[in-house]
Amino acid sequence: MQDVTDEAGGPATTPLVEEAVKKAAVAWVAVGDGPTRALWCLPVDGTLYVVSGPGEQSAPGLAEATTAAVTLRGDHGGQIVTWPAAVTRIAPDSDEWATVAPQVATKRLNAPGGAADLVARWADECALNRLTPAGEPLAAGPTLPDDSLAAPPRPTPAVRQVRKPFRLHRVRRR
């Protein structure tokens, strides 16, 4: 993955990535060779913030990662861009945490307790990561795959075999 910088020395990005990031509520994030996972996120100033950990969404390896691949969808619901991201874990005692964590907490749906309680729990148990565009898109426009990219569901203890009824109804013959 090649890092590209703009004239100001910050990460360069394309207009497509900038617009997709602005509208993102869900991002598909792949860390290393692991599976791509759908994660809710909050866009702030051209980056995405993602919370993961106990009681939150599962994102194995993201808290320790330095890079990831992020896929975003367009208004039509289909993939429009995949871009390389620089992953930075935000420290709970930093100024960035004090600014961003409350914003992310207010967007967290169905959270137990208030935003301040949520931020305190995240500081103790979870990881808040910033995903910043770090180069040219990996896939966009004509380089997007033609197939659906659908994968079979991963095994989970929440799924169980449903018992089929012996007989749905009795048919009477005349």
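Okay, let's start with one residue: Thr 14 has a relative accessibility of 16%, so it counts as buried, because the cut-off for that is under 20%. And where does Thr 14 sit? It's in the segment before helix H1, and H1 covers 15-23. If you skip residues up to four places away in sequence, Thr 14 touches Glu 136 and Pro 137.

Before I go on, one thing to keep in mind: what you're looking at is a predicted model.

So, the overall layout. The chain has 3 helices and 8 strands. Walking from the N terminus, the order goes α-β-β-β-β-β-β-α-α-β-β. The chain has 174 residues, and 34% of them count as buried. Now take the contacts between residues at least 6 apart in sequence: 63% of those join residues at least 24 apart.

Next, the cysteines. How many disulfides does the structure hold? The count is 0. Let me pick out two cysteines anyway. Cys 41 comes in at 6% relative accessibility, so it's buried. Cys 126 is buried too, and the figure for Cys 126 is 6% relative accessibility.

Let's move to the pocket. A word on the idea behind it: roll a probe the size of a water molecule over the atoms, and you see where empty space is left. Here, the largest pocket has a volume of about 450 Å³. It's lined by 19 residues, and the ones closest to its centre are Trp 28, Thr 71, Gln 79, Ser 148 and Leu 149. If you want to find it on the screen, those five residues are a good place to look.

What kinds of residues line the largest pocket? The lining splits into 9 nonpolar, 7 polar and 3 charged residues. As for which strands are involved, E1 at 26-30, E5 at 67-73 and E6 at 79-90 each supply at least two lining residues. Which element gives the most to that lining? That's E5, with 4 residues.

Now, Gln 79 leads me to another residue, Pro 145. Pro 145 lies in the segment after strand E8, which is 139-140. In sequence, Pro 145 and Gln 79 are 66 residues apart, but in space their C-alphas are 9.2 Å apart. Buried or exposed, then? Pro 145 is partly exposed, at 36% relative accessibility.

There's another proline I'd like to show you, Pro 92. You'll find Pro 92 in the loop between E6 and helix H2, with H2 running 95-107. Pro 92 has a relative accessible area of 42%, so it's partly exposed as well. What does Pro 92 touch, not counting residues up to four places away in sequence? Trp 97 and Ala 123. Ala 123 is 31 residues from Pro 92 in sequence, and the C-alpha to C-alpha distance between them is 5.4 Å.

Let's go back into the buried part for a moment, with Gln 57. Gln 57 is in the loop between strand E4, at 47-52, and E5. Its relative accessible area is 14%, so Gln 57 is buried. And what does the side chain of Gln 57 reach? It gets to the backbone nitrogen of Trp 40, at 2.9 Å. Leaving aside neighbours within four places in sequence, Gln 57 is in contact with Ala 38, Leu 39, Trp 40, Val 50, Val 51 and Ser 52. So Trp 40 turns up in that contact list too.

Last stop: a couple of backbone angles. Asp 45 has a phi near 50 degrees, which is a positive value in a residue other than glycine. Asp 45 sits in the loop between strand E3, at 42-44, and E4. Is Asp 45 buried or exposed? Exposed, at 78% relative accessibility.

Asn 110 also has a positive phi without being a glycine, and the value there is near 60 degrees. For Asn 110, look in the loop between H2 and helix H3, where H3 is 115-125. With a relative accessible area of 77%, Asn 110 is exposed.

To recap, then: we have a predicted model, with 3 helices and 8 strands in the chain. The structure has 0 disulfides, and E5 gives the most residues to the lining of the largest pocket. Thr 14, where we came in, counts as buried, while Asp 45 counts as exposed. That's my tour, thanks for listening.

Technical notes. Residues are numbered from 1 along each chain as its sequence is written. This is a predicted model: local features need pLDDT of at least 70, side-chain atom pairs count only at pLDDT 80 or more; totals for chains, interfaces and linings use all residues. Side-chain values use heavy atoms; hydrogens and water are left out. A disulfide is a pair of cysteine sulfur atoms within 2.5 Å. Buried means under 20% relative accessible area, exposed over 50%, partly exposed in between (1.4 Å probe, protein chains only). On a 1 Å grid over the protein atoms alone, a cavity is a set of points where a 1.4 Å probe fits but cannot get out, and a pocket is an open set with protein on both sides within 12 Å along at least five of seven lines; lining residues have an atom within 4 Å of a point. Grid points are joined across faces, edges and corners, and a volume is the space filled by probe spheres set on the points. Ala, Val, Leu, Ile, Met, Phe, Trp, Tyr, Cys and Pro count as nonpolar, Asp, Glu, Lys and Arg as charged, and the others, Gly among them, as polar. A polar contact is a pair of N or O atoms within 3.5 Å; within protein, one must be able to donate a hydrogen and the other to accept it, and residues adjacent in sequence count only if both atoms are side-chain atoms. Contact means heavy atoms within 4.5 Å.
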